[in-house]
Amino acid sequence: MSRYSRQTGLFPQGVADQKRLLEAHVLVVGAGGLGATVLPALAGAGCGRITVVDHDRVDESNLHRQTLFRMDDIGRFKAACVADRLSDLNPDCQIVPVAERLEPTLARRLLTDVSVVVDAADSVAVTYLLSDLCVEAGIPLVSASVLGRSGYAGGFCGTAPDYRAVFPDLPATLPNCAEAGVLGPAVAALGAIQAQMVLSVLLETQPSPLGQIMTLDLERWRSSSFRFDTAVAVENEGPFILGLEDISAEDRVFDLRGLEEQGPPSVSWAVRGPVEHPETLLAGPGRTVFVCASGLRAWRAAKRFSAQAGVPAFIATTGR
């Protein structure tokens, strides 16, 4: 235990708590900018098993903030690179790489025997999906998001309200990192807070980070936090998130990506292209499913359709 001697003195039960970390299983979704800080922090602290899910490959444009990777890693799956780095960092940790997109079926399978889930994907569709599944399974979720020089980290589910209780709907505008940019130190700072929250959840320290959100603005040099323990959980009225493999031939599918957009196909019978007025679509005998790359356009179209048609709407994502 000499490896962990500088931290066990801070734990409520010392070495016994360190053994709890070594017995923990953490599921980390996303091996990008947040993951570059979260993952080595958890491995270094001695979390015994870490499952890393990321379907993406390393790109040169990632390297300013995804500091786990090197130039030689370009083109490799991020999950595989992470497994190599963390295994070298701490042989006490078992690293399980999963180089697949997080579809609902895969997510449910991976949640078995998980102590806490880390949402480091910075994808709105993934966040809502993980929150819904963690509520079902009673598993804590630590989520973070960063854009530009600011963001937040928070603890949801488990003994706290879920993500929908705090964020029942998307904001009017929500640009992505490719559009708005992102700075590496801001991502690292939020990733560090996220990692500390995970360790506190595993060790059950008080006050708990579950039910807590911390925000950080490194443009205006401000930070704040608030608790949401009394937030009222809202009934999940959708949009409901599907995996592409969950879509059946009876479903009516609208792929909102323009023909000029690159990316993997959704389903062969989808109506491809933007839908300017989804509220004018009539409900059909099957499910109505909206598809886009990140889930943002699909979410908004599904909300407008469902509000007018009076039936549930569904969304799916293809990834960028």
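**Exercise 1. Cysteines and disulfides**

Decide whether Cys 93 counts as buried or exposed in this predicted model, and then work out why the sulfur of Cys 93 forms no bond with the closest cysteine sulfur.

*Solution.* Begin with the surface: Cys 93 has a relative accessibility of 7%, and since buried means under 20% relative accessible area, Cys 93 counts as buried. Next, look for a partner: the closest cysteine sulfur to that of Cys 93 belongs to Cys 47 and lies 6.7 Å away, which is too far for a bond, because a disulfide needs two cysteine sulfur atoms within 2.5 Å. Then repeat both steps for Cys 81, which is buried with a relative accessible area of 0%, and whose sulfur is 18 Å from the closest cysteine sulfur, that of Cys 93, again too far for a bond. Finally, for the structure as a whole, the number of disulfides is zero.

**Exercise 2. Two helices that cross**

Find at what angle the axes of helix α2 and helix α9 cross, and name the residues through which these helices meet.

*Solution.* First locate the helices, α2 at residues 15-22 and α9 at residues 184-203. Their axes come within 10 Å and cross at roughly 110°; because angles of 65 to 115 degrees count as roughly perpendicular, α2 is roughly perpendicular to α9. On the α2 side the contact involves Asp 17, Arg 20 and Leu 21, which meet Leu 199, Leu 202 and Leu 203 of α9. Sorted by character, the residues of this contact comprise four nonpolar and two charged, with no polar ones.

**Exercise 3. The nonpolar cores**

Determine how many residues the largest nonpolar core has, and which element gives the largest share of this core.

*Solution.* The largest nonpolar core has 47 residues, and Val 26, Leu 39, Leu 42 and Ile 50 have the most contacts inside it. Several elements give two or more residues to this core, including β1 (25-29), α3 (33-45), β2 (49-53) and α9, and the largest share, ten residues, comes from α9. Leu 42 serves as an example: leaving aside neighbours within four places in sequence, its contacts include Val 26, Cys 47, Ile 50, Val 118 and Leu 199. Apart from this core lies another, of 41 residues, with Leu 141 and Ala 302 among them.

**Exercise 4. A buried serine**

State in which helix Ser 131 has its place, and which residues Ser 131 is in contact with beyond its sequence neighbours.

*Solution.* Ser 131 sits in helix α6, residues 124-137, where its relative accessible area of 0% makes this serine buried. Once neighbours within four places in sequence are left aside, Ser 131 is in contact with Leu 141, Cys 157, Asp 162, Tyr 163 and Arg 164.

How values were computed:
Residues are numbered from 1 along each chain as its sequence is written. This is a predicted model: local features need pLDDT of at least 70, side-chain atom pairs count only at pLDDT 80 or more; totals for chains, interfaces and linings use all residues. Side-chain values use heavy atoms; hydrogens and water are left out. Axes are lines fitted to C-alpha atoms, for helices over the stretch in contact, and angles run from 0 to 180 degrees between N-to-C directions. Helices (H or I, at least four residues) and strands (E, at least two) are DSSP runs, numbered from the N terminus. Angles under 35 degrees count as roughly parallel, over 145 as roughly antiparallel, 65 to 115 as roughly perpendicular and the rest as oblique. Contact means heavy atoms within 4.5 Å. Ala, Val, Leu, Ile, Met, Phe, Trp, Tyr, Cys and Pro count as nonpolar, Asp, Glu, Lys and Arg as charged, and the others, Gly among them, as polar. Buried means under 20% relative accessible area, exposed over 50%, partly exposed in between (1.4 Å probe, protein chains only). A nonpolar core is a set of buried Ala, Val, Leu, Ile, Met, Phe, Trp, Tyr and Cys residues joined through side-chain atoms within 4.5 Å.
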